[in-house]
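User: Hey, got a minute to go through this structure with me? I'd like to start with how the helices pack.

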Amino acid sequence: MRSASLESAYRECGRIAAAHGRTYFLATRLLAASRRPAVHALYAFARMVDDIVDHAQRPPTEPAGAVDLIEKRLRTALEQGPETVADAPVLLALTDTITRYDIAPQHFWTFLDSMRMDIPGSAHYRDRYATMAELREYMRGSAAAIGLQLLPVLGTVVPRAEAEPAAAALGEAFQLTNFLRDVGEDLDRGRIYLPLDELTAFGVDQDLLLHCRHTGHTDQRLRRALAHLIAVNRDLYRRADPGIDLLDPRVRPAIRTASTLYAAILTEIEHHDYTVFNTRAVVRRHHRLRVAANHFILR
């Protein structure tokens with residue numbers, strides 16, 4: 001039985017998930033109640049770190065120090081017990097989740113290393129990625145690692161290692177969708193999360209991206225580049241899809257719902273003619289609910 005403080009910590013994680021991840025939270029609602037708190041804890045942890053990084057300012061001492069402290073406290077909690085983070089609800093719930101589901105701690109250190117790459121002035125900082133291979137190295141921590149964190153919670157019908165490649169691919173697919181949707185917001189933070197060599201192949205450089213952001217107009221060259229990268233993104237979803245059948249049958253509808261809805265963001269980008277600088281691609285609520293219902297009817 002969970003203590004009152006642990007129950008409160010999980011409730012706080014649930015509030016964070018509900019407030020910030022609409023598609024994610026809806027998919028979580030489709031899981032068995034026993035799995036939801038752990039999924040909320042994983043989301044809340046990622047969100048907490050992401051918020052620190054997204055508000056990072058020069059000099060990097062404060063955000064970098066905050067990430068280092070989070071890692072130190074989590075390591076201590078895993079080694080010495082959750083009582084060491086009793087004052088930090090998200091870390092308390094996360095420590096319990098990691099222990100309860102036997103999640104490899106390395107996935108969290110990999111995630112934190114990628115988050116350090118987003119902190120200006122830090123030793124790990126990167127604001128540009130020359131190739132897709134470089135971008136995927138970043139996504140290994142920022143996205144694939146999250147898929148691997150979730151896998152033990154969801155459960156599999158095969159040895160966990162067999163399901164890990166598809167889980168990592170789905171995490172990357174979600175992340176690349178975010179990058180395509182949020183090109184403008186990322187530019188405002190001084191970051192470009194699209195591979196420069198693939199943009200260059202379509203005649204797109206940093207100056208053109210900044211011009212498009214300033215005018216709110218998507219140049220035809222950028223439209224072609226985004227169309228190409230959406231095709232690359234959809235291939236990631238296709239590669240990840242067979243892995244859903246390796247999951248516990250009870251969680252498959254929820255994960256298919258999340259995958260379908262996130263991929264639908266790409267369709268929304270196309271529907272709005274790639275106007276990513278003045279229109280945020282959002283899947284409408286009625287469509288989210290219809291997709292969720294369909295996956296459960298068809299299970």
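Analyst: Sure. Let's start with α7 and α8: α7 passes α8 in a right-handed crossing. Keep in mind that this is a predicted model.

User: What's the angle between α7 and α8, and how far apart are their axes?

Analyst: The angle is about 125 degrees, and the axes are 7 Å apart. That makes α7 oblique to α8.

User: Which residues of α7 and α8 meet there?

Analyst: Quite a list. From α7, they include Leu135, Tyr138, Met139, Ala143, Gly147, Leu148 and Leu151. On the α8 side, Arg160, Ala163, Glu164, Ala167, Gly171, Leu176 and Phe179 are among them.

User: And how many of the residues in that contact are nonpolar, polar or charged?

Analyst: The contact of α7 with α8 has 13 nonpolar, 4 polar and 4 charged residues.

User: OK, now α3 and α7. At what angle do their axes cross?

Analyst: Roughly 165 degrees, and the axes come within 10 Å. Here α3 covers residues 36-54 and α7 covers 132-154. The two are therefore roughly antiparallel to each other.

User: Is that crossing left-handed or right-handed?

Analyst: Right-handed, with α3 passing α7.

User: Which side chains should I click on to see where α3 and α7 meet?

Analyst: In α3, pick Ala38, Val39, Leu42 and Ala46; in α7, pick Ile146, Gln149, Leu150 and Val153. By class that contact has 7 nonpolar residues, 1 polar one and no charged ones.

User: I also had Thr97 highlighted. Where is Thr97 found?

Analyst: Thr97 is in helix α5, which runs over residues 89-101.

User: Buried or exposed?

Analyst: Thr97 counts as buried, because its relative accessibility is 0%.

User: What is Thr97 in contact with, leaving aside its neighbours in sequence?

Analyst: Not counting anything within four places in sequence, Thr97 is in contact with Tyr10, Ala38, Ala41, Leu42, Ile103 and Val153. You've met some of those already: Ala38 and Leu42 in α3 and Val153 in α7 are part of the contact between those two helices.

User: Nice. Which residues of α6 are buried?

Analyst: His107, Phe108, Trp109, Thr110, Phe111, Leu112, Ser114, Met115 and Arg116. That's 9 of the 11 residues of α6 (residues 106-116), so the helix is largely enclosed by the rest of the structure.

User: Arg116 is a surprise to me. What is Arg116 linked to?

Analyst: Arg116 belongs to a network of salt bridges together with Asp68, Glu71, Arg75 and Asp113.

User: How many salt bridges are there in the whole structure?

Analyst: A search of the whole structure finds 25.

User: Give me some examples. What about Asp182, which residue does its side chain meet?

Analyst: Arg181, in a salt bridge with an N to O distance of 2.9 Å. Both Asp182 and Arg181 are buried.

User: And which residue does Arg280 pair with?

Analyst: Glu185, at 3.1 Å from N to O. Arg280 sits in the loop between α13 and α14 while Glu185 is in helix α9 (residues 183-188), so the pair ties together parts that are 95 residues apart in sequence. Arg280 counts as partly exposed at 42% relative accessibility, and Glu185 is partly exposed too, at 35%.

User: What about Asp235 and Arg238, how far apart are their closest N and O atoms?

Analyst: 3.9 Å, and they form a salt bridge. Asp235 and Arg238 are 3 residues apart in helix α12 (residues 220-244), which means about one helical turn separates them. Asp235 is partly exposed at 32% relative accessibility, whereas Arg238 counts as exposed at 54%.

User: Last topic: backbone. What is phi for Asp273?

Analyst: Near 60 degrees, a positive value in a residue other than glycine. Tyr274 has a positive phi as well, near 65 degrees. Most residues other than glycine have a negative phi.

User: Where does Asp273 lie?

Analyst: In the loop between α13 (252-271) and α14 (285-297). Tyr274 is also in the loop between α13 and α14.

User: Is Tyr274 buried or exposed?

Analyst: Tyr274 counts as buried, because its relative accessibility of 14% is under the 20% cut-off. Asp273 is partly exposed, at 39%.

Conventions:
Residues are numbered from 1 along each chain as its sequence is written. This is a predicted model: local features need pLDDT of at least 70, side-chain atom pairs count only at pLDDT 80 or more; totals for chains, interfaces and linings use all residues. Side-chain values use heavy atoms; hydrogens and water are left out. Helices (H or I, at least four residues) and strands (E, at least two) are DSSP runs, numbered from the N terminus. Buried means under 20% relative accessible area, exposed over 50%, partly exposed in between (1.4 Å probe, protein chains only). Axes are lines fitted to C-alpha atoms, for helices over the stretch in contact, and angles run from 0 to 180 degrees between N-to-C directions. Angles under 35 degrees count as roughly parallel, over 145 as roughly antiparallel, 65 to 115 as roughly perpendicular and the rest as oblique. A crossing is left-handed if the near helix is turned anticlockwise from the far one by less than a right angle, and right-handed if clockwise. Contact means heavy atoms within 4.5 Å. Ala, Val, Leu, Ile, Met, Phe, Trp, Tyr, Cys and Pro count as nonpolar, Asp, Glu, Lys and Arg as charged, and the others, Gly among them, as polar. A salt bridge is a side-chain nitrogen of Lys or Arg within 4 Å of a carboxyl oxygen of Asp or Glu.
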